[in-house]
Amino acid sequence: KAIDDAKEKAEVLAKDLDFELPDLGRESKKIKEKFDNMKCSETYVNEFEQRAAYFPSIQEIIANDSVKGGADTIQAIQNQIIKLYLQILNQFNTGSEIHNIIYSKLSEKLDTDDHKRAADIFICYTVYSCGIFNEKK
(Lines give C-alpha, C1' and ligand atoms only; values in the text may rest on other atoms or scores of the structure.)
Protein backbone atom coordinates (compact mmCIF):
# COMPACT_ATOMS: atom_id res chain seq x y z
CA LYS A 1 0.00 0.00 0.00
CA ALA A 2 2.76 2.48 0.91
CA ILE A 3 4.61 1.77 -2.35
CA ASP A 4 1.41 2.30 -4.35
CA ASP A 5 0.82 5.60 -2.53
CA ALA A 6 4.39 6.71 -3.21
CA LYS A 7 4.10 5.77 -6.87
CA GLU A 8 0.85 7.70 -7.16
CA LYS A 9 2.44 10.77 -5.51
CA ALA A 10 5.46 10.49 -7.82
CA GLU A 11 3.16 10.36 -10.84
CA VAL A 12 1.33 13.48 -9.63
CA LEU A 13 4.64 15.22 -8.97
CA ALA A 14 5.93 14.24 -12.39
CA LYS A 15 2.78 15.59 -14.03
CA ASP A 16 2.85 18.82 -12.00
CA LEU A 17 6.51 19.38 -12.83
CA ASP A 18 6.00 18.44 -16.48
CA PHE A 19 8.28 15.40 -16.16
CA GLU A 20 7.62 12.14 -17.89
CA LEU A 21 8.06 9.06 -15.78
CA PRO A 22 11.09 7.19 -17.05
CA ASP A 23 10.54 4.09 -19.14
CA LEU A 24 11.65 1.46 -16.67
CA GLY A 25 11.69 -2.20 -15.98
CA ARG A 26 11.15 -4.96 -18.48
CA GLU A 27 9.91 -2.60 -21.22
CA SER A 28 13.09 -0.57 -21.25
CA LYS A 29 15.64 -2.24 -23.50
CA LYS A 30 18.61 -0.65 -21.73
CA ILE A 31 17.43 -1.54 -18.23
CA LYS A 32 16.33 -5.03 -19.28
CA GLU A 33 19.77 -5.60 -20.77
CA LYS A 34 21.40 -4.51 -17.49
CA PHE A 35 19.20 -6.91 -15.52
CA ASP A 36 19.94 -9.76 -17.92
CA ASN A 37 23.68 -9.07 -17.99
CA MET A 38 23.86 -8.90 -14.20
CA LYS A 39 21.71 -12.04 -13.77
CA CYS A 40 19.10 -10.23 -11.68
CA SER A 41 16.16 -12.23 -10.40
CA GLU A 42 12.58 -11.45 -11.32
CA THR A 43 12.02 -10.42 -7.70
CA TYR A 44 14.85 -7.90 -7.97
CA VAL A 45 13.33 -6.47 -11.16
CA ASN A 46 9.97 -6.08 -9.41
CA GLU A 47 11.59 -4.35 -6.43
CA PHE A 48 13.51 -2.05 -8.78
CA GLU A 49 10.28 -1.09 -10.55
CA GLN A 50 8.67 -0.17 -7.24
CA ARG A 51 11.59 2.08 -6.31
CA ALA A 52 11.49 3.70 -9.74
CA ALA A 53 8.39 5.60 -8.60
CA TYR A 54 10.78 7.89 -6.73
CA PHE A 55 13.05 8.66 -9.69
CA PRO A 56 11.10 11.73 -10.89
CA SER A 57 11.55 13.31 -7.46
CA ILE A 58 15.30 12.69 -7.62
CA GLN A 59 15.42 14.11 -11.14
CA GLU A 60 13.52 17.20 -10.01
CA ILE A 61 16.01 17.79 -7.19
CA ILE A 62 18.92 17.43 -9.61
CA ALA A 63 17.39 19.56 -12.36
CA ASN A 64 16.24 22.43 -10.16
CA ASP A 65 18.41 22.01 -7.07
CA SER A 66 15.07 22.28 -5.27
CA VAL A 67 16.66 21.12 -2.04
CA LYS A 68 19.62 23.34 -1.24
CA GLY A 69 22.73 21.40 -2.19
CA GLY A 70 20.52 18.53 -3.30
CA ALA A 71 22.18 17.96 -6.66
CA ASP A 72 25.64 17.85 -5.08
CA THR A 73 24.39 15.57 -2.31
CA ILE A 74 22.83 13.16 -4.80
CA GLN A 75 26.05 13.12 -6.82
CA ALA A 76 28.06 12.39 -3.66
CA ILE A 77 25.71 9.51 -2.77
CA GLN A 78 25.99 8.08 -6.28
CA ASN A 79 29.78 8.36 -6.16
CA GLN A 80 29.81 6.39 -2.89
CA ILE A 81 27.55 3.72 -4.41
CA ILE A 82 29.81 3.46 -7.49
CA LYS A 83 32.92 3.11 -5.30
CA LEU A 84 31.31 0.31 -3.27
CA TYR A 85 30.13 -1.36 -6.47
CA LEU A 86 33.61 -1.37 -7.97
CA GLN A 87 35.06 -2.81 -4.75
CA ILE A 88 32.69 -5.79 -4.72
CA LEU A 89 31.82 -6.33 -8.39
CA ASN A 90 33.96 -9.43 -8.86
CA GLN A 91 33.08 -10.97 -5.49
CA PHE A 92 29.44 -11.76 -6.30
CA ASN A 93 27.59 -13.52 -9.11
CA THR A 94 24.41 -11.49 -9.51
CA GLY A 95 23.21 -7.92 -9.48
CA SER A 96 20.80 -8.79 -6.68
CA GLU A 97 23.66 -9.89 -4.45
CA ILE A 98 25.68 -6.79 -5.31
CA HIS A 99 22.72 -4.51 -4.56
CA ASN A 100 22.20 -6.20 -1.19
CA ILE A 101 25.85 -5.84 -0.19
CA ILE A 102 25.93 -2.16 -1.19
CA TYR A 103 22.70 -1.64 0.77
CA SER A 104 24.14 -3.39 3.83
CA LYS A 105 27.31 -1.32 3.76
CA LEU A 106 25.39 1.95 3.39
CA SER A 107 22.84 0.96 6.04
CA GLU A 108 25.55 0.43 8.65
CA LYS A 109 26.04 4.21 8.66
CA LEU A 110 22.34 5.14 8.72
CA ASP A 111 20.15 5.55 11.77
CA THR A 112 16.56 5.52 10.55
CA ASP A 113 14.46 3.23 8.39
CA ASP A 114 13.64 6.22 6.17
CA HIS A 115 17.33 6.82 5.51
CA LYS A 116 17.83 3.13 4.77
CA ARG A 117 14.88 3.15 2.38
CA ALA A 118 16.36 6.21 0.65
CA ALA A 119 19.69 4.37 0.29
CA ASP A 120 17.87 1.48 -1.38
CA ILE A 121 16.16 3.88 -3.78
CA PHE A 122 19.45 5.63 -4.58
CA ILE A 123 21.10 2.31 -5.45
CA CYS A 124 18.31 1.66 -7.94
CA TYR A 125 18.55 5.20 -9.26
CA THR A 126 22.30 4.72 -9.77
CA VAL A 127 21.55 1.58 -11.82
CA TYR A 128 19.01 3.57 -13.85
CA SER A 129 21.36 6.50 -14.45
CA CYS A 130 24.09 4.12 -15.71
CA GLY A 131 26.38 4.51 -12.72
CA ILE A 132 26.46 0.76 -12.04
CA PHE A 133 25.39 -2.59 -13.54
CA ASN A 134 27.10 -1.85 -16.85
CA GLU A 135 29.06 -5.12 -16.82
CA LYS A 136 28.10 -8.63 -17.78
CA LYS A 137 28.15 -11.44 -15.22
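Two residues are said to be in contact when heavy atoms of theirs lie within 4.5 Å of each other. In this predicted model, that definition applies to T94, which touches M38 and K39 when residues up to four places away in sequence are not counted. T94 is found in the loop between helices α5 and α6, and with 18% relative accessibility T94 counts as buried, because the limit for that class is under 20% relative accessible area.

**Overall architecture**

The secondary structure of the protein chain consists of seven helices and zero strands. Along the sequence, the pattern is therefore written α-α-α-α-α-α-α. The chain has 137 residues, of which 38% count as buried. Its accessible surface comes to about 8,200 Å², and carbon and sulfur atoms hold 48% of that area. Among the contacts with a separation of 6 or more, 67% are between residues 24 or more positions apart.

**Helix α2 and its cover**

Helix α2 spans residues 29-37, and its buried residues are I31, K34, F35 and N37. An α-helix has 3.6 residues a turn, so residues three or four places apart point the same way. The cover over the buried residues of α2 includes α3 and α7. After α2 comes K39, which has a positive phi near 55°. K39 is also one of the residues touched by T94.

**Helices α3 and α7**

How do the axes of α3 and α7 cross? Helix α3 covers residues 42-51, and its axis comes within 9 Å of the axis of α7, at a crossing angle of roughly 100°. With this angle, α3 is roughly perpendicular to α7, because angles of 65 to 115 degrees belong to that class. On the side of α3, the residues that take part are Y44, F48 and R51. Their partners in α7 are D120, I121, C124, V127 and Y128.

**Helices α5 and α6**

A second helix pair is formed by α5, residues 70-88, and α6, residues 95-107. These helices pack at an angle of about 125°, with their axes 10 Å apart. That angle makes α5 oblique to α6, and the crossing is right-handed. The contact involves Q80, I81, L84, Y85 and I88 of α5. From α6, the residues are I98, I101, I102, K105 and L106.

**Helix α4 and residue F55**

Helix α4 runs over residues 55-64 and has F55, P56, I58, Q59 and E60 as its buried residues. F55 has a relative accessible area of 0% and is buried. Which distances separate F55 and C124 in sequence and in space? The two are 69 residues apart in sequence, yet their C-alpha atoms are 8.9 Å apart in space. C124 is also among the α7 residues that meet α3. Following α4 is D65, with a positive phi near 45°.

**Cysteines without a disulfide**

A search of the whole structure finds zero disulfides. Why do C40 and C124 form no bond with each other? The cysteine sulfur closest to that of C40 is in C124, at 9.6 Å, and this is too far for a bond, because a disulfide requires the sulfur atoms to be within 2.5 Å. Seen from C124, the closest cysteine sulfur is likewise in C40. C40 is buried, with a relative accessible area of 14%, and C124 is buried at 2% relative accessibility.

**The segment after α7**

Helix α7 spans residues 113-128, and C130 lies in the segment after it. F133 is found in the segment after α7 as well. C130 is not a glycine, yet its phi is positive, at about 70°. F133, also not a glycine, has a positive phi of about 70°. Are these residues buried or partly exposed? C130 is partly exposed, with a relative accessible area of 31%, whereas F133 is buried, at 1%.

The table collects the residues for which a positive phi has been described.

| Residue | Phi | Place |
|---|---|---|
| K39 | near 55° | follows α2 |
| D65 | near 45° | follows α4 |
| C130 | about 70° | segment after α7 |
| F133 | about 70° | segment after α7 |

Note on methods. Residues numbered from 1 in each chain as written. Predicted model: local features only at pLDDT ≥ 70, side-chain atom pairs only at ≥ 80, totals over all residues. Heavy atoms only, no water. Helix = DSSP H or I, 4+ residues; strand = E, 2+ residues; numbered from the N terminus. Buried < 20%, exposed > 50% of the residue type's maximum accessible area, 1.4 Å probe, protein only. Areas by Shrake-Rupley, 256 points an atom, 1.4 Å probe, with all protein chains shown as cover. Axes fitted to C-alpha atoms, helices over the stretch in contact; angles between N-to-C directions. Parallel < 35°, antiparallel > 145°, perpendicular 65-115°, else oblique. Left-handed = near helix turned anticlockwise from the far one by under 90°.
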